[in-house]
Amino acid sequence: CRTGSLATCAVRTIPCLAGTSYILSCYFTSRAQCHLGAGNYLPTNIDPCLCDHLIYTFAGMEHNMIKAYDRNDEKLYGEFQALKNQNSNLKTLLSIGGWNLGTQKFTTMVSTAEYPGSRGSPPQDKERFTVLLQELMRAFEEEGKKTNRPRLLLTAAVSARKETIDSAYQIGAVLDYIHVMTYDFHGLWEHNVGENSPLYKGPSDQGSMIYYNVDYAMNYWKNNGAPAEKLLVGFPTFGPTFHLASSNTTVGAPARGPGPAGHFTRQTGFLAYYEVYFLICVNNVPYAYNQGVWVGYDNIKSFQAKTEWLKQNGFGGAVVWTLALDDFTGMFCGQGRNPLINTLKTQPNPPPAVAPSQQPSGGTTGSGFCAGKQNGLFPDPTDKKKFYKCNQGQTNIQYCTAGQVFDDSCKCCTRSQ
């Protein structure tokens, strides 16, 4: 990891535009401080208006007490929490556990985290997990009453695989939000290439594979008692990579192991969204291949389709893994900053009102362009590089960077043709 002093931002209140009609939660992982160069990501890189809830991952545990897990965690905790000074409506959470922590420490505490009743945890942990959540909720409510403050939120990241859901959870358990990890349906542990987060069952899916899709997983949770408004659909900003074992490049083709690590994230069998563009540079499709390497990933089009599906099915919102794997600088894909996450902020009615993807320059003006207009971003009909940000009738002129123009369809700056 890169060491040394970490820059901090001056605290200022940001007038955030209206977001979505549902909850948008986003994970920040402290491991992103280890990404190389332009991929390096810290709390100070986070747009405090981008998501409704921000979740810091991960904290560890020792002797049933929360413990910092990564280097610089305690410093980064402060920078992460300081984002609330810029957006008073922002909710921040701390995630305890994660895959690498395992289950033993949670079993000792009468529970496990993501997968109670599995990964070495005894079957009775399924019920114990529910008891723990009930005790936590009571404790949060009591603390809220004593401090005269809103109680803490209680959420959990849970599996999207049917066999794990059946063995690990009592679905009616008390939680504010249930973050369903509807990704990692396929990955480097398999001998065939597969999509990371397919919305529906594929034509070649057989056996248990028919359950490995977003639609089935979310409806399985809902149909077994989880309130739809508490269920958040998982949206990945990454994709698994494989080495192809033959000239076959279709979904399900034979694989001979994980693909190479990305230049910035440096994790075998895994690419961030922006690394897909950086290394492979292919058309805007849900999977790509080049020189024997295959990657299944999500893009703006697939995020749009899933967002429409989410709203049609009445789910409570979206949860993104992770902030650092979207094109957060806007320098790789030509789609503006945070193109995937900003896609989740759009709504069909009324028109989207999102934070601008690119704001290299600009200033307020009294021209009155926004007088009588709803909040949002609007193109300038006379200048393709220029657009207006309207907020409560106030007009703010913005310009895209060199080589980019404002695209009204995505409300962002994109590469000029």
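## Surface patch and salt bridges

Ile 66, Leu 94 and Ile 96 form a nonpolar patch on the surface, together offering about 250 Å² of accessible area. Patch members have over 30% relative accessible area and no salt bridge; nonpolar side chains (Val, Leu, Ile, Met, Phe, Trp, Tyr) are joined within 5 Å, like charges within 9 Å. Areas come from the Shrake-Rupley method with a 1.4 Å probe, and for residues only the protein chains shown count as cover.

This is a predicted model: local features need pLDDT of at least 70, side-chain atom pairs count only at pLDDT 80 or more, and totals for chains, interfaces and linings use all residues. Residues are numbered from 1 along each chain as its sequence is written, and side-chain values use heavy atoms, leaving out hydrogens and water.

Ile 66 sits in strand E3 (residues 65-67). Strands (E, at least two residues) and helices (H or I, at least four) are DSSP runs, numbered from the N terminus. Ile 66 is exposed, at 55% relative accessible area. Exposed means over 50%, buried under 20%, partly exposed in between (1.4 Å probe, protein chains only).

The whole structure holds 7 salt bridges. Each pairs a side-chain nitrogen of Lys or Arg with a carboxyl oxygen of Asp or Glu within 4 Å. Three of them are listed here.

| Salt bridge | Closest N and O atoms |
|---|---|
| Arg 31 with Asp 70 | 2.4 Å |
| Asp 298 with Lys 306 | 2.9 Å |
| Glu 308 with Lys 311 | 3.3 Å |

Arg 31 lies in the loop between E1 (23-29) and E2 (53-62), and Asp 70 in the loop between E3 and H1 (73-81), so the pair ties together parts 39 residues apart in sequence. Asp 298 is buried at 5%; Lys 306 is buried at 4%.
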